[in-house]
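Visitor: I should like to understand how the terms used for a structure are justified. Please show me the structure and begin with the terms themselves.

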Amino acid sequence: MVVKLGVPSKGRLMDKTFEWFSERGVTLSRAGAEREYSGVVDGIEGVELVMLSASEIPRELAAGRIHMGVTGSDLVRDKLASWENKVYELAPMGFGHADLIIAVPKCWTDVDTLDDLDAAAAAFRARHGFRLRIATKYHHLIREYFKAHGVADYQLVDSQGATEGTVKNLTAEAIADITSTGETLRANHLKILNCDPVHRSQATLFKSRMAHWTDEDRATLAELCRMMGLDD
Amino acid sequence: MSRPEITKAAVKAEAARLKALFEAQGALPVEMDILLPAEVLLDLYGEDIRARAYVTDDPEHGEMMLRPDFTVPMVQQHMSDGAEPARYTYAGEVFRKQEDMPSRASEYFQVGYEVFDGSDPAAADAEVFANFAEALAEHDLRAATGDIGILKAAVAGLNTTETRRAALLRHIWRPRRFRALMTRFSAAGTGLRQQNLDRVRANLKEGEAPFIGLRTQTEIDMRIKALEEDASAPPIPASEIELLEDILSLKETLPHVLSQLRDIAVDLPAISDAVNLLSRRTEALGKRGVDVENLVFEASYGRTSMEYYDGFVFGFYAEARPDLPPVATGGRYDALTAVLGQGRSIPAVGGVIRPNVLLSLKGGA
């Protein structure tokens with residue numbers, strides 16, 4: 001058998017992933033033409049490279065169709081129910097850092113904390129007749145976070161992109177999104193709530209607990225981990 | 001111990017048996033849709049229900065939900081064409097995602113018994129509990145009871161501002177936030193309340209940010225005014241916080257709880273009506289043959305489950321099988337009928353039994 005390693009198929013995340021592996025003696029590269037989504041692994045036997053969209057890697061890990069995969073820790077936590085039972089974090093990779101945060105209009109001088117947000121949501125619902133809308137694509141993580149902190153009277157509205165613009169466009173009152181520098185938030189007149197981020201995300205190498213691992217695969221994994229100085 | 005597989009046919013037969021029991025007690029059998037408009041349920045239960053229910057799209061009717069419980073369609077059906085007093089029973093599937101407990105079924109049967117009768121709430125509460133106790137009598141189950149109405153009365157009787165009482169009432173169902181609010185409104189929170197106000201005043205000085213979004217300046221101003229009031233209002237007296245703590249930690253047999261609540265009511269007279277109701281309910285339960293001397297009452301019971309139980313709450317549990325969900329749960333939900341009735345409220349109390357759980361007890365016994 002062969003150990004399938006899923007990596008992001010394009011962009012900075014792919015480049016950084018290739019770099020990370022090459023620093024540890026394993027060379028990943030695209031096969032053939034620039035646009036072909038298949039790859040080559042040098043430096044270790046028995047590993048096959050699978051090029052995937054980063055957002056599909058959690059699902060593929062959970063389905064056991066790949067043995068290992070590189071994706072954001074935020075995506076794994078948001079997309080997979082009971083993620084700890086399905087995947088194992090082999091290594092945080094030290095790039096792709098971003099915080100999942102909650103942001104509100106800067107003009108809300110009365111709101112800086114989760115307490116404030118909760119109080120504002122209660123009054124908002126009473127006045128407008130619907131729950132305060134928070135635009136996000138991280139439904140699971142945000143819902144769990146609000147539940148743990150006892151925030152009520154809100155609703156999540158789905159936003160798969162340009163989330164920072166939803167407040168100005170009146171489709172949401174606040175947002176929950178990934179940010180690294182906060183630049184886009186400021187440009188859209190939003191401020192980050194004064195609390196711990198919902199999640200501090202970074203690119204992470206995961207092992208699938210759901211994939212079929214033959215003895216041979218396990219030996220390959222052990223060898224790979226030894227080369228990279230990781231616990232398998 | 002090997003447990004035989006429980007077939008859907010067996011569950012259906014058990015559900016029919018329980019439903020027939022309730023019919024024999026005078027309940028009218030009713031049927032309800034499985035596919036429900038999602039909007040009402042989402043507005044009522046919020047994101048919690050979205051996480052737990054299956055939502056799907058209909059090109060014509062928008063978001064639809066697979067029936068997560070019978071309460072909402074039951075109340076709607078009664079409000080549109082029911083006459084009072086009314087007693088109903090139903091049996092059917094409900095659908096719940098089990099993200100936290102994937103081993104539990106996401107499609108299962110419930111058999112319900114609901115009473116819409118405002119003439120004697122204590123008697124109606126006792127009737128529902130006693131009928132459930134009787135239907136489940138052959139199993140060795142632990143019964144739990146509580147009363148959210150006592151908590152609400154205690155909070156409503158606190159000697160403090162209306163805003164603070166409303167904030168506490170709103171979070172009765174979220175114990176962690178409730179506790180944080182209690183601290184903030186107490187003497188220990190005086191510094192924190194001043195800090196909150198100072199922080200907002202500092203924001204105001206920072207200068208204008210362009211106005212965006214639907215939330216208006218009036219709403220922001222009102223909240224700042226509320227923070228000012230909260231900073232200057234005296235803290236909730238330590239003695240009252242202590243009384244509230246005493247109530248929240250009550251967990252004893254009904255007669256003991258009643259006598260303790262009567263003591264507390266001397267210092268917190270606002271709970272007197274609720275305690276009298278508990279007393280009348282206890283009497284009514286006794287009349288129906290329930291062993292109230294040994295029935296446990298837990299003041300915090302039901303606080304973390306459904307937000308719309310606002311009076312008597314109860315549950316039946318198989319102590320020997322902690323892996324199973326409760327066999328039956330129920331309670332009074334007047335507040336829910338008020339929300340659905342847009343001002344028109346109907347006193348309502350009821351509950352559901354899970355026939356598959358009963359069958360696993362029989363199989364595992």
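Guide: Two strands are said to pair if DSSP finds at least two bridges between them. Helices (H or I, at least four residues) and strands (E, at least two) are DSSP runs, numbered from the N terminus. This is a predicted model, in which local features need pLDDT of at least 70, side-chain atom pairs count only at pLDDT 80 or more, and totals for chains, interfaces and linings use all residues. Residues are numbered from 1 along each chain as its sequence is written, while chains are lettered from A and ligands numbered from 1 in the order in which they are written.

Visitor: What makes β8(A) and β9(A) a pair of strands?

Guide: Strand β8 (residues 132–136) of chain A and strand β9 (residues 154–158) of chain A are joined over five bridges, and the requirement is at least two. They therefore pair, and the sense is parallel. Within this pairing, Ala135(A) stands opposite Val157(A) in β9(A).

Visitor: Why is the crossover from β8(A) to β9(A) called right-handed?

Guide: The chain leaves β8(A), passes through helix α6 (residues 139–149) of chain A and arrives at β9(A). A crossover is right-handed if, with the strands pointing away from the viewer, the path from the first strand over the helix to the second runs clockwise. This β-α-β crossover is given as right-handed, so its path runs clockwise in that view.

Visitor: How many helices and strands does chain A have?

Guide: Chain A has eight helices and 13 strands.

Visitor: Into which domains is chain A divided?

Guide: The domains of chain A are domain 1 (3–96 + 202–228) and domain 2 (98–200); such bounds come from an automatic or database domain assignment. The C-alpha centres of these two domains of chain A lie 32 Å apart.

Visitor: What makes residues of the two domains of chain A count as in contact?

Guide: Two residues are in contact if their C-beta atoms, placed from the backbone, lie within 7 Å. By that rule, four residues of domain 1 of chain A are in contact with seven residues of domain 2 of chain A. The side of domain 1 of chain A that touches domain 2 of chain A has no nonpolar, one polar and three charged residues. Here Ala, Val, Leu, Ile, Met, Phe, Trp, Tyr, Cys and Pro count as nonpolar, Asp, Glu, Lys and Arg as charged, and the others, Gly among them, as polar.

Visitor: Which residues of chain A touch chain B, and of what classes are they?

Guide: The contact joins 27 residues of chain A with 27 residues of chain B. On the side of chain A, α5 (114–128) and β9 each supply at least two residues, and α5(A) gives the most, with six. By class, this side of chain A has 14 nonpolar, five polar and eight charged residues.

Visitor: What makes a group of residues a nonpolar core?

Guide: A nonpolar core is a set of buried Ala, Val, Leu, Ile, Met, Phe, Trp, Tyr and Cys residues joined through C-beta atoms within 7 Å. A residue is buried if 20 or more other C-beta atoms lie within 10 Å of its own, exposed if 12 or fewer, and partly exposed in between, with C-beta atoms placed from the backbone. The largest nonpolar core has 89 residues, and Ile271(B) is one of those that touch the most other members; as a member, Ile271(B) is therefore buried. Helix α5 (residues 121–135) of chain B brings the largest share of this core, seven residues.
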